[in-house]
Amino acid sequence: MSRIIAGAAGGNPLTSVPGTATRPTTDRVKEALFSRLESLAVIDDARVLDLYAGSGSLGIEGASRGARSVELVEFDARASDVCQRNADMVNQVLGRKTVSVHRSKVESFLERAGGDVLWDLVFLDPPYPLDEAALSAVLGKLAPHLDEGAVVVVERSSRSAEPGWPAAMECFSDKKYGETKLWFAEPA
């Protein structure tokens with residue numbers, strides 16, 4: 001069972017998506033990721049976007065740790081329902097609506113985002129079958145929506161190639177945790 005690790009809602013359990021269509025980020029990886037993000041000082045008061053959200057675990061962890069707003073984007077109906085349950089729980093604990101859920105394909109969500117919509121922290125944990133060209137296209141649509149100093153975290157299989165970054169983004173670090181690899185990028 002996954003849980004919120006730290007912050008105002010730390011220790012609360014998260015509902016998991018039933019079945020094997022999603023693969024939740026392990027608590028070990030999540031803890032290491034958020035430790036890194038806290039050292040980069042990008043969580044507090046951040047506008048967070050969690051693409052391919054699954055259960056919403058990463059975005060919700062950000063909300064618990066002080067993000068100003070979190071948007072979870074998930075197309076799968078069952079996963080979107082789980083996101084909503086987890087968002088409702090953390091919003092209740094926080095006493096305000098910090099987390100919102102969008103049942104949408106990631107590409108159409110980004111296409112609909114207005115030109116003035118900017119995020120400070122973005123998580124992308126796409127399904128492993130999503131090919132590198134499709135991931136690169138999503139990163140290209142995301143790039144104009146990154147605020148100065150934003151951080152983008154891409155989670156993939158450790159056997160996956162590094163994402164193809166658009167010219168407006170550059171990778172500044174990566175880290176492998178067993179079968180999981182994280183890439184960290186920022187606006188170029």
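Colleague: Which residue of β3 does L72 stand opposite?
Modeller: This is a predicted model. Start with the strands: β2 and β3 run parallel. Five bridges join them. Across that pairing, the residue opposite L72 is V101.

Colleague: Which residue stands opposite L72 on β1?
Modeller: β1 and β2 also run parallel. Five bridges join this pair. The residue of β1 that stands opposite L72 in β2 is D50.

Colleague: What is the strand order of the open sheet?
Modeller: The sheet has seven strands, and the pairing is mixed. Strand β1 (residues 47-51) runs parallel to β4 (residues 119-124), with four bridges between them. In that pair, L49 stands opposite V122. The full order is β3-β2-β1-β4-β5-β7-β6.

Colleague: Which strands stand at the edges of the sheet?
Modeller: Look for strands with a single partner. Each such strand has one side left without a neighbour in the sheet, because there is no second partner. The edge strands are β3 (99-103) and β6 (169-177).

Colleague: Is β2 largely enclosed or largely open?
Modeller: Count its buried residues, taking buried as under 20% relative accessible area. Five of the six residues of β2 are buried. So the rest of the structure leaves β2 largely enclosed.

Colleague: Which strands does helix α3 touch?
Modeller: Helix α3 covers residues 77-94 and packs on the sheet. Together with β2 and β3, α3 makes a right-handed β-α-β unit. The direction of α3 makes about 170° with that of β3. The strands touched by α3 are β2 (69-74) and β3.

Colleague: Which helix joins β1 and β2 in a β-α-β unit?
Modeller: This unit, too, involves β2. The unit is right-handed. Its helix is α2.

Colleague: Which element gives the most residues to the largest nonpolar core?
Modeller: That core has 32 residues. L33, L37, L72, V99, L121, F123 and V153 touch the most other members. Elements that give two or more residues include α1, β2 and β5. The top contributor, with five residues, is α3.

Colleague: Which residues is V99 in contact with, leaving aside its neighbours within four places in sequence?
Modeller: V99 is among the core residues that touch the most other members. Its contacts beyond those neighbours are I60, A63, V70, L72, A87, V90 and N91.

Colleague: How many residues are in the second core?
Modeller: This core is separate. Its members include L51, L110, V122 and A185. The number of residues is 25.

Terms used: Residues numbered from 1 in each chain as written. Predicted model: local features only at pLDDT ≥ 70, side-chain atom pairs only at ≥ 80, totals over all residues. Heavy atoms only, no water. Pairing = 2+ DSSP bridges. Contact = heavy atoms within 4.5 Å. Axes fitted to C-alpha atoms, helices over the stretch in contact; angles between N-to-C directions. Core = buried A, V, L, I, M, F, W, Y, C linked by side-chain atoms within 4.5 Å. Buried < 20%, exposed > 50% of the residue type's maximum accessible area, 1.4 Å probe, protein only. Right-handed = clockwise from strand over helix to strand, strands pointing away.
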